[in-house]
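Q: Got a model open here and want to talk it through. Can you start with how the helices are set up?

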Amino acid sequence: MELLYEAATIHRQHHDPNTVQVSTLLSIKTGGCPEDCGYCPQASRYHTGVEGEGLMTVPHVKAQALRAKASGSSRVCMGAAWRNVKDGPEFEQVLEMVRTINKLDMEVCCTLGMLTENQAKRLAEAGLYAYNHNLDSSEEYYKEVISTRGYQDRLDTIANVRKTNVTVCSGGIIGMGEKLEDRAGMLVALSTLNPQPESVPINALVAVEGTPMEDQKPVSIWEMLRMIATTRIVMPETQVRLSAGRTTMSQEGQAMCFFAGANSIFAGDKLLTTPNPDIKEDMKLFELLGLKPQKPFLKHVHPQTIEPEESQLKPLGEKPKWTRPKHKIERNEEKKKESIKIKREVKI
Ligand code: SF4
């Protein structure tokens, strides 16, 4: 109770407690990812039934953004299941999506994997408001979750984003089998970034069948509350986002999270590939609690879009050597083997 009280007090000193920022997450390229994140149904090495989909067209993205705006979202966050951004026609298409949504007077966020400085600058020129790149867990526990890249790669990408005016969104997931120390370690890593991320999503693992973490026990509301409250205390100015795992939370549980300092949610019936509450339900809850959606560009200025013909920046065709750590994660290896077997049987 003391933790909640302290968090709620700090929250009220730094934010309007009755305003919640609403983002809509859009999967612009789904599945087929070469990475091995143990929680993710989009990793191609696991058998999760997620149908791969190529990159969305710009008009499709625009239509989805307009829908999101009409239902009260101030931000569109576009996620692509890529290891890293590669210069080429697909990245050019993403840049066009950013320009298009920015002109709709909505905040645009992207989560596209690892990013070079030049790519970050090109996104900034297109009008990107935020870049999401989660640290997921503590540096120590990261090695138990992902073996295809290292923690430093994450920090390097965040540092590349920081060379622009694009804001940083970075958080993590609880319920992956980590210890309390790992949760604290992640908050230390995030809160000692200078400056601290403008947005920190806190996710409860959604254990998807076929992933290496399918048997993880669900996170209790108390663990989530504790995490939200601690995040609020150590990062007073940040927008703390109540992210994956909301479908299993009661209205009372969510209300407690808002009280303890959560002031952002993801809206829309899907969070990339996992279920999420319907926005109409969210708006009913907002009404009940006297909350209102935050207007866009309240915290930071509206970035200006620089058209490609006026830009000095060009694709450099870089091929950065992002890490490929050699360690093996037993549960990921097991799940990969099982998946190969299932995929073979399905073919036969
Ligand atoms: S979390 Fe992202 S990088 Fe990891 S497997 Fe899923 S889509 Fe790929």
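A: Sure. Helices (H or I, at least four residues) and strands (E, at least two) are DSSP runs, numbered from the N terminus, and the expected span of a helix is 1.5 Å times one less than its number of residues. This is a predicted model, where local features need pLDDT of at least 70, side-chain atom pairs count only at pLDDT 80 or more, and totals for chains, interfaces and linings use all residues. Residues are numbered from 1 along each chain as its sequence is written, and side-chain values use heavy atoms, with hydrogens and water left out.

Q: OK, how many residues does α2 have?
A: α2 has 13 residues and reaches 18 Å from its first C-alpha to its last, close to the 18 Å expected at 1.5 Å a residue.

Q: Which residues of α2 are buried?
A: Val58, Val61, Ala65 and Ala68 (buried means under 20% relative accessible area, exposed over 50%, partly exposed in between, with a 1.4 Å probe and protein chains only). Down the axis of α2 they fall within an arc of 85 degrees, so they line one face of the helix; the arc is that of the directions from the helix axis to the C-beta atoms.

Q: And which are exposed on the other side of α2?
A: Pro59, Arg67 and Ala70.

Q: What comes just after α2?
A: Gly72, with a positive phi of about 110 degrees.

Q: Switching topic, where is Thr30?
A: Thr30 is in the loop between β1 (19–29) and α2 (58–70). Thr30 is buried, at a relative accessible area of 9%.
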